[in-house]
Amino acid sequence: MAKTTPELEALLMQRSLTDAQLLAAAETAADYRILPHATVIKIGGQSVIDRGRAAVYPLVDEIVAARKDHKMLIGTGAGTRARHLYSIAAGLNLPAGVLSQLGASVADQNAAMLGQLLTKHGIPVVEGAGMSTLPLSLAEVNAAVFSGMPPYKLWMRPAAEGVIPPYRTDAGCFLLAEQFGCKAMIFVKDEQGLYSANPKTSSNATFIPKISVDEMKAAGLQDSILEFPVLDLLKEARHVREVQIINGLVPGNLTRALAGEHVGTIITAN
């Protein structure tokens, strides 16, 4: 039986926030999905936006057409320019928090460019405190653009090795989808989905249409298509229990994925 509000409040007032009984009581509280009808779409920086007009314009057309039937939160990756900045900053022995800010600046630039292409359709770019306007944007135009980098900045948790920020734009977009209780999370990349090896360098790579987090880790594929922390976030998620990776360079893939078709690779929590 779920704890009543007074019982949970009493535990919160009396116990440590890491107390086992308090955590168990909080766990029984019902979840509330803030934007249950929205889909988060992450547009890859290096895989899509860096390719310029040939890759971006068709996606813009799909987004504009799809908003008639779907509510979309469109996050942007950082891409090649962020990698260049990471290289310089790491060579200067700067910490992960500084690299996080640099990566965020590039994701912001990509959001600004994508936003300009969607401006005439009334689709805004939101950031920071502007996230509070998301419900209005979704109600009025069914879409909004945001920068995919999570706003940790100097508070970025360092990786076990090196100074590259472990929580980047894949993680940022997934966290937004999970915290808002969105119905789906789609990653738009430049490959069909997950393969047994890097298809760009291995001729023996085989396509994997569906796989679980545990199966990916067992096969050593945990860092092959998404940022490594995303798999752990997915495993622990309450609302978004699977993610879909599609090839955004193939016209129609995004539209099909939004419609619920099994396009590309689906990674499940279980």
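This is a short walk through the structure shown above, from its nonpolar interior to its charged pairs and a few unusual residues. Keep in mind as you look that the model is predicted.

Let us begin inside. The largest nonpolar core has 40 residues, and those touching the most other members are Val40, Leu73, Phe174, Met185, Val243 and Ile267. Several helices and strands each give at least two residues to this core: strand S1 (38-43), helix H6 (134-141), strand S4 (143-147), helix H7 (169-179), strand S5 (184-189), helix H8 (213-218), helix H9 (228-236) and strand S9 (242-247). The largest share, six residues, is supplied by H7. Apart from this core lies another, made of 27 residues, including Val48, Val60, Leu254 and Leu258.

Val40 is a good place to pause. Setting aside neighbours within four places in sequence, Val40 is in contact with Leu73, Phe146, Cys173, Leu176, Ala177, Cys182, Ala184, Met185 and Ile186. Two of the names in that list, Cys173 and Cys182, are cysteines, which brings us to disulfides.

How many disulfides does a search of the whole structure find? The search finds zero. For Cys173, the nearest cysteine sulfur belongs to Cys182 and is 11 Å away. Why does Cys182 not form a bond with Cys173? A disulfide needs the two sulfur atoms within 2.5 Å, and the sulfur of Cys182 is too far for a bond because 11 Å separates it from the closest cysteine sulfur, in Cys173. Are these cysteines buried or exposed? Cys173 counts as buried because its relative accessibility is 0%, and Cys182 is buried as well, with a relative accessible area of 0%.

A charged residue can also be found away from the surface. Glu62 sits in helix H3 (residues 53-66). Glu62 is buried but has no salt bridge, and the nearest side chain of opposite charge, that of Arg256, is 8.8 Å away. What does join the side chain of Glu62 to that of Thr255? The two side chains are joined by a polar contact of 2.6 Å. If residues up to four places away in sequence are not counted, Glu62 touches Val250, Pro251, Gly252, Asn253, Leu254 and Thr255. One of these, Leu254, is also a member of the core of 27 residues.

Elsewhere, opposite charges do pair up, and the count comes to 11 salt bridges. Arg238 is a helpful one to find, in the loop between H9 and S9. In one salt bridge, Arg238 pairs with Glu27, and their closest N and O atoms are 2.7 Å apart. Glu27 lies in helix H2 (residues 20-27), so this pair ties together parts that are 211 residues apart in sequence. Arg238 also meets the side chain of Asp31 in a salt bridge, with 3.2 Å from N to O. Because Asp31 lies in the loop between H2 and S1, this second pair ties together parts that are 207 residues apart in sequence. Arg238 counts as partly exposed at 39% relative accessibility, and Asp31 is partly exposed at 42%.

Another pair links two helices. Lys235 forms a salt bridge with Asp214, and the closest N and O atoms are 2.8 Å apart. Lys235 is in helix H9 and Asp214 in helix H8, so the pair ties together parts 21 residues apart in sequence. Lys235 is partly exposed, with a relative accessible area of 33%, and Asp214 counts as partly exposed at 45%. Salt bridges also link Arg51, Asp190, Glu191 and Lys200 in a network.

We can finish with some residues toward the outside and in the loops. Leu136 lies in helix H6 and counts as exposed because its relative accessibility is 54%. The C-alpha atoms of Leu136 and Ala89 are separated by 39 Å, while the two residues are 47 apart along the chain.

Most residues other than glycine have a negative phi. Asn93 has a positive phi, near 65°, and its place is in the loop between helix H4 (80-91) and helix H5 (96-118). With a relative accessible area of 68%, Asn93 is exposed. Lys153 also has a positive phi, near 50°, and is found in the loop between S4 and H7. Lys153 is partly exposed, at 43% relative accessible area.

Note on methods: Residues numbered from 1 in each chain as written. Predicted model: local features only at pLDDT ≥ 70, side-chain atom pairs only at ≥ 80, totals over all residues. Heavy atoms only, no water. Buried < 20%, exposed > 50% of the residue type's maximum accessible area, 1.4 Å probe, protein only. Helix = DSSP H or I, 4+ residues; strand = E, 2+ residues; numbered from the N terminus. Lys, Arg positive; Asp, Glu negative; His and termini not counted. Salt bridge = Lys/Arg side-chain N within 4 Å of Asp/Glu carboxyl O. Polar contact = N/O pair within 3.5 Å; in protein donor to acceptor, adjacent residues only side chain to side chain. Contact = heavy atoms within 4.5 Å. Core = buried A, V, L, I, M, F, W, Y, C linked by side-chain atoms within 4.5 Å.
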